[in-house]
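Subject: Structure for your review

Dear colleague,

Please find below the structure that I am handing over to you. The notes that follow it describe what was found.

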Amino acid sequence: MGRSSDNLIRVALLALAGGAVLAPGCIARDTGKFEKQYLDDAGSPPPNLVDSGVGFGDAKGDVPVSDPHAVLGVEPPHGPWNGGQLALVRGNGFSSDVRVWFGDKEIPQTDVVPVDPKRVQVVVPQGDAGAVDVRVRNGNDGSTERTLTGGYTYDEFYAEPASGPTSGGTIITLHGQATQWTAGTEVFVDLKPCATTTVLGPTEIECTTPPGTPGVKSLRVKTPDLVNVDVLDAFTYGDSENGYKGGLSGQPLKDQIKVLALDSYEGAALEGATVIVGDDLSTAAVKKTDSGGVAVVQQKGLGPKRTVTVAMKCFSPITFVDVPVDTVTAYLDPVLSPKCASEGDPPPVGGSGSLSGAVTGQLLWDGNKEFERAGWTNVPAPQSEDEKRVAYVFRLASDPTNEFQLPSAGAAVTPESTGNVGFDYQLTVGGGNVTLYALAGLENRKLSPPKFIAYAMGIAKGVSSKPGQVTSDVFIKVDIPLDHAVALDVTGPTPTTKGPDRIVASTAVRVGEQGYAIFPVGKQTKLLPISGNINFIGLPPLTEALNGSQYVVSAEAVTGVAESTPRSVTAALATTVSGPAIPISDFVEVPKLLIPADNGAWTGTELAWAWLPGGESVDLSVLTLSTGGGLVNWTVAAPPGVTQTKLPDLSQLGLGLSGPITIGVSVAHIVDFDYGSLRYRQLGDRGWNAYATDVFYAHL
């Protein structure tokens, strides 16, 4: 008996026993005492991945129906009100020209993939919170139209980001629809309170996730009048560099500042960390953090700005220069040194408390007959015995400058691969909603390095992946030709005596806000000065399934074949143009260190730096002072307009640096940057739109 039949039996047994059955959709609301629901939790899973049971299943085991045209269900049966989630509509009698409506909204044909007469894959459109009917019709044939009443439920709110590490500490924003959230509203993740909840408005709440176990969890919003709204599968604990941890926030600095110190690996509060408010120990306010990792400094006339340093034995210190707000959240990196073992157990770093998920499905090509496995008509025939037709499936990258990496030969999908309507693939991914894309082309692994030329592409958006589980039956239609070109006209920054001496240019495609598709033709290197354009040939048109996407082009000025410092990276430029050359000249000029002098002695307190005039504006300076081969890294962040600062002498507290010091100086351009809202992701290049970096040396 099929899975759906088993579920029907369980529902019937519950009803006979007087148990409550949750109606279709996964929003639960109650006004009284809440009894814990048994939610999907990876917990301590078996070593092998198992089918989630809530993914895209096969309809063959369903209870038969006599109607030749029917809509039987939607998997998953719910999702965020802003849409974008991949779903599988199951039923009978679907044709290749099937049309689908969620409520009164017809899904564009570019977001509809007919799989077979019983399955059609869709991207869910935006809708209003609550249940909506799902309607299906083959073309314009009204006799085939059928409706599943309340077949899909739009959740009342969703979280952004929707995933984070098990250590907690992810700052998430809940976006509600027609909600009336007020002060006193609380948020819970897996029934654990979400810390520092801030109601930003009637439809927006911000809070910090507590530690959790790997897997998908529910989110609960509890209003002051004790009304609870629960959304299942709304947040995923797993491996996620969310980039939203820590930084500066709050109101303009006046007479009080609150500093929170946390372990960057565990997310745990650090008791006994030293907080220094001021740049000179003789005049600064110095305080230790309490058991909650908090230190509050009150002093008349503290504002409008003050330098804040947080340091602790066996942790790398951090300094925020000229802080203009009243809240600092600092995540300190443990020092991985045997010397720190004398303080107790070594810092618990390395390893992971999360699990990977997996996605399986088939790659589809159009054929002459409906729902029949078709040939690879958009990939040319091999020209030699060493060439083969292959396809690979990828997850979108988080960085458009990533270099294309050819997967292992074992990951290849070929015309000989198994499959009933297409060609089987499988991919290991992290948790959360992901977008997958496939590239099909010709490969020659006899060459060194192996060569892969892609000719066609397919994409699947909004795939729900859960740690430790398999999301099955995700179909990717490979129907986008890679026949477009983008040209760049690059003018590099002013070289110094050290460099840079060459340009590394890249092109990728940004798919909404999900990430970037990387291509084999996406990166080229040219020596400076450059004559002529840099051409990228073999990119997709931004139409059909990629409508609304953008080409993202960037260039790095680097030094030597190792592409080292001095380095200057331009702002990633998004465009829909694939014709005339795109000019790129907005480089940040390379910085230089003034105090201490390069290879000179350092006092341990004075820093000064500069950069050549011209180039892109500098919104943030980040200096990293490293000792012990990189074991200890003191980070110093300074706002725009600041090119010199004084630091507290940490050696007086036994927390200072010693020996040879490597000083990395980075100056960054960040669009719409506000130093008072600095986030930790903006302390590194993943949070910068353009930047320049160089490295210098000194000693104490």
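In the hairpin of strand 40 and strand 41, which residue takes a positive phi? The residue is glycine 560, with a phi near 75 degrees, and the hairpin has 4 residues between its strands. Please keep in mind throughout that this is a predicted model.

**Strand 41 and its partners**

The two strands of this hairpin, strand 40 (residues 550-559) and strand 41 (residues 564-569), run antiparallel and are joined by 3 bridges. To find a point of contact, look for alanine 557, which stands opposite serine 568 in strand 41. Strand 41 also pairs with strand 51 (residues 690-699), in the antiparallel sense and over 3 bridges. Here arginine 567 has threonine 693 of strand 51 as its bridge partner.

**Strand 26 and its surroundings**

Strand 26 covers residues 306-312, and 6 of its 7 residues are buried, so this strand is largely enclosed by the rest of the structure. Strand 26 pairs with strand 23 (residues 274-277) in the antiparallel sense over 4 bridges. Within that pairing, isoleucine 276 has threonine 309 of strand 26 as its bridge partner.

Strand 26 is also joined by 5 bridges to strand 27 (residues 315-323), and these two strands run antiparallel. Methionine 312 has phenylalanine 315 in strand 27 as its bridge partner. The two strands form a hairpin with 2 residues between them, and in the turn cysteine 314 has a positive phi of about 70 degrees.

**Two open sheets**

One open sheet consists of 3 strands in the order 39-35-43, and its pairing is mixed. Its edge strands are strand 39 (534-539) and strand 43 (582-584), each of which pairs on one side only. From one strand to the next, the twist averages 25 degrees. Strand 35 (residues 484-490) is joined to strand 39 by 5 bridges, and the two run antiparallel. In this pairing, alanine 485 stands opposite isoleucine 537 in strand 39.

Another open sheet of 3 strands has the order 44-46-49, with antiparallel pairing. Strand 44 (591-595) and strand 49 (644-646) are its edge strands, each pairing on one side only. In this sheet the twist averages 20 degrees from one strand to the next. Strand 46 (residues 606-611) pairs with strand 49 in the antiparallel sense over 3 bridges. Glutamate 606 has lysine 646 in strand 49 as its bridge partner.

When you inspect these strands, a general point may help you: in a regular strand, the side chains alternate between the two faces of the sheet.

**The second largest pocket**

The second largest pocket holds about 760 Å³ of space. It is lined by 32 residues, of which Ile171, Thr196, Thr208, Ser249 and Thr329 are the closest to its centre. Which strands each supply at least two residues of this lining? They are strand 17 (195-201), strand 18 (204-208), strand 21 (247-252), strand 22 (256-263) and strand 28 (325-332). Sorted by class, the lining has 14 nonpolar, 15 polar and 3 charged residues.

**Aromatic pairs**

A search of the whole structure finds 17 aromatic pairs. One of them joins phenylalanine 235 and tyrosine 237: the ring centres lie 5.2 Å apart and the planes stand at 80 degrees, so the pair is edge-to-face. Phenylalanine 235 and tyrosine 237 are both buried.

Tryptophan 365 and phenylalanine 423 also form an edge-to-face pair, with 5.6 Å from centre to centre and 85 degrees between the planes. This pair links distant parts of the chain, since its two residues are 58 residues apart. Tryptophan 365 lies in the loop between strand 29 (357-364) and strand 30 (387-395), whereas phenylalanine 423 lies in strand 31 (residues 423-429). Tryptophan 365 and phenylalanine 423 are both buried.

Finally, ring pairs link Tyr392, Phe394, Phe404, Tyr437, Phe452 and Phe519 into a cluster.

Yours sincerely

Key:
Residues are numbered from 1 along each chain as its sequence is written. Side-chain values use heavy atoms; hydrogens and water are left out. Two strands pair if DSSP finds at least two bridges between them. On a 1 Å grid over the protein atoms alone, a cavity is a set of points where a 1.4 Å probe fits but cannot get out, and a pocket is an open set with protein on both sides within 12 Å along at least five of seven lines; lining residues have an atom within 4 Å of a point. Grid points are joined across faces, edges and corners, and a volume is the space filled by probe spheres set on the points. Ala, Val, Leu, Ile, Met, Phe, Trp, Tyr, Cys and Pro count as nonpolar, Asp, Glu, Lys and Arg as charged, and the others, Gly among them, as polar. Axes are lines fitted to C-alpha atoms, for helices over the stretch in contact, and angles run from 0 to 180 degrees between N-to-C directions. Buried means under 20% relative accessible area, exposed over 50%, partly exposed in between (1.4 Å probe, protein chains only). Rings of Phe, Tyr and Trp (its six-membered ring) pair if their centres lie within 6.5 Å; planes under 30 degrees apart count as stacked, over 60 as edge-to-face and the rest as tilted.
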